Amino acid sequence: MINEMQFLNDIAYVRTGGSKEEEKAAKYIQQQLEGLGLKAKIEEFPVQASNIQSATLEITKPFKKSIPCLGYANSKSANITKELYYLRNKNNQAELKNVKNKIVLLDSGMPYWTYKDLIENGASGFITTNGILHDDDIDIDQKEIREPLGKLGKLPGVNCHIKDIYPLIQNNAQEAKLTLEETDIKNAHSRNVVCKIKGEDDSIIAFSAHYDSVPLSKGVYDNATGAITILKIAEYFSTHKPKHTLVFIWCGSEERGLLGSQAFCKKHKKNLKNYALDINIDMMGSHLGEFDTRVSAEDKLAHYIEYFSSEKGFANKVTTGVYPSDSTPFADAGVPSLSFARNTMLEPIHCKYDDLSTINEQRLKQDIAFILAFSIRMANSEIIPVKKEIPDSIKEKLDYYNYRKRQQ
């Protein structure tokens, strides 16, 4: 039997989408499946990538100061000195008129619509921030201009820690010099690991979980725990043939914008008509936090999961909507989907503190046992009881999530 904590320990290293470390983790998952007597393949898909050779940020007026920063991957090379403008109200069109020919400072990350507004209003570059002002951690997140933003155009940008940016706002910094040197990487790829267990019929239930991490993180809680959850489900069905066919997808590059699940849905588009449900897992087994289920399907499925949870005596907060994980591309492709998660604002994710210390082994086993029980019920149902349609209310939320509509 596969040991949950050993698996988490074995891939407790930074494994960003498209990296050699991600490939190493993919091969490790493939080996685990083959050890169960299952066939698994690695499906590569292209991802954009660039190296930032150097990035500097200097305040030039009314004082001189160098600010630690990291350049945005997939940005562009630049050497500019411009007026610095602190954009307080990102959604205010009147204030956005002031960004033309300026380096724009945000006290946040870079939302899609803000980036679009900066380009349309003629900004010359940007500075974003991460971190907590009154905290000892001074790590700077490595950010990237994700593909949806890159399609709008490319602005040079850097990310800084809020501790370094706050004094600039306090002291009314007025001008900045921004330099970036970027090198393209050709033929970059990320990977999905895919395993199929044939059932008695061709109706398919998909199980998805991402196995990549962000640059600063070992990604144990987010989301090696999801990866081991669906691996344990595959382990069960390796010796218990299901009525319905099961497809397991360990998704790469989720942290870069759900790229693995998007690539899978694109590659297998013709076969998605046979997919009745996607069950996605994203973060399990933490010491803190409530169990959360988000259903992107008919209300009846949410009600069913509530009843099933009560039957099992398992505390579960069930809602309908869109969850920011690999269930979303499936729902957007017309496949009823749900995400299971144990969520908390207190356990660390997307940082160096996401390691084995975040995980409660007993809680992890309990979470996996509940999801396995639900999976057995679905996999062996006489017919998969989920209506094959996405409600209009969910479609609208998908439009917002995928930037097809802008919320007012």
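Ser-261 is found in helix α8 of this predicted model. With a relative accessible area of 0%, Ser-261 is buried, because any residue under 20% counts as such. The side chain of Ser-261 is joined to that of Asp-326 by a polar contact of 2.5 Å. Asp-326 also appears among the residues that Ser-261 touches beyond its neighbours within four places in sequence; the others are Cys-251, Pro-329 and Phe-330.

The helix around this serine can be taken next. Helix α8 covers residues 259-267. Besides Ser-261, the buried residues in α8 are Leu-259, Gly-260, Ala-263, Phe-264 and Cys-265. What do the buried residues of α8 pack against? Their partners include the strands β1 (40-46), β10 (189-197), β12 (245-251) and β13 (275-281). Helices α5 (147-150) and α10 (327-332) are partners as well. Two of the residues in contact with Ser-261, Pro-329 and Phe-330, lie within the range of α10, and Cys-251 lies within that of β12.

A second serine leads to another part of the chain. Ser-337 is found in strand β16, which runs over residues 337-343. Is Ser-337 buried or exposed? Ser-337 is buried, and its relative accessible area is 0%. The side chain of Ser-337 reaches the backbone oxygen of Val-335 at 2.7 Å. Leaving aside neighbours within four places in sequence, Ser-337 is in contact with Leu-277, Asp-278, Arg-294, Val-295, Ser-296, Ala-297, Ser-327, Phe-330 and Ala-331. Phe-330 is thus listed for Ser-337 and also for Ser-261.

From these two sites the view can widen to the whole chain. Its secondary structure consists of twelve helices and 16 strands. The radius of gyration is 22 Å, close to the 22 Å that the globule rule gives for 408 residues, so the chain is as compact as a globular protein of that length. Along its principal axes, the C-alpha trace spans about 70 × 45 × 40 Å.

Contacts across the sequence and burial complete the picture of the interior. Among contacts with a separation of 6 or more, 80% are between residues 24 or more positions apart. Of the 408 residues, 53% count as buried.

The surface and the charges remain. The accessible surface of the protein chain comes to about 18,400 Å², and carbon and sulfur atoms hold 47% of that area. The chain has 53 positive and 54 negative charges, and the mean positions of the two sets are 5 Å apart.

Technical notes
Residues numbered from 1 in each chain as written. Heavy atoms only, no water. Buried < 20%, exposed > 50% of the residue type's maximum accessible area, 1.4 Å probe, protein only. Helix = DSSP H or I, 4+ residues; strand = E, 2+ residues; numbered from the N terminus. Contact = heavy atoms within 4.5 Å. Rg over C-alpha atoms; globule rule 2.2 N^0.38 Å. Areas by Shrake-Rupley, 256 points an atom, 1.4 Å probe, with all protein chains shown as cover. Lys, Arg positive; Asp, Glu negative; His and termini not counted. Charge placed at Lys NZ, Arg CZ, Asp CG, Glu CD. Polar contact = N/O pair within 3.5 Å; in protein donor to acceptor, adjacent residues only side chain to side chain.
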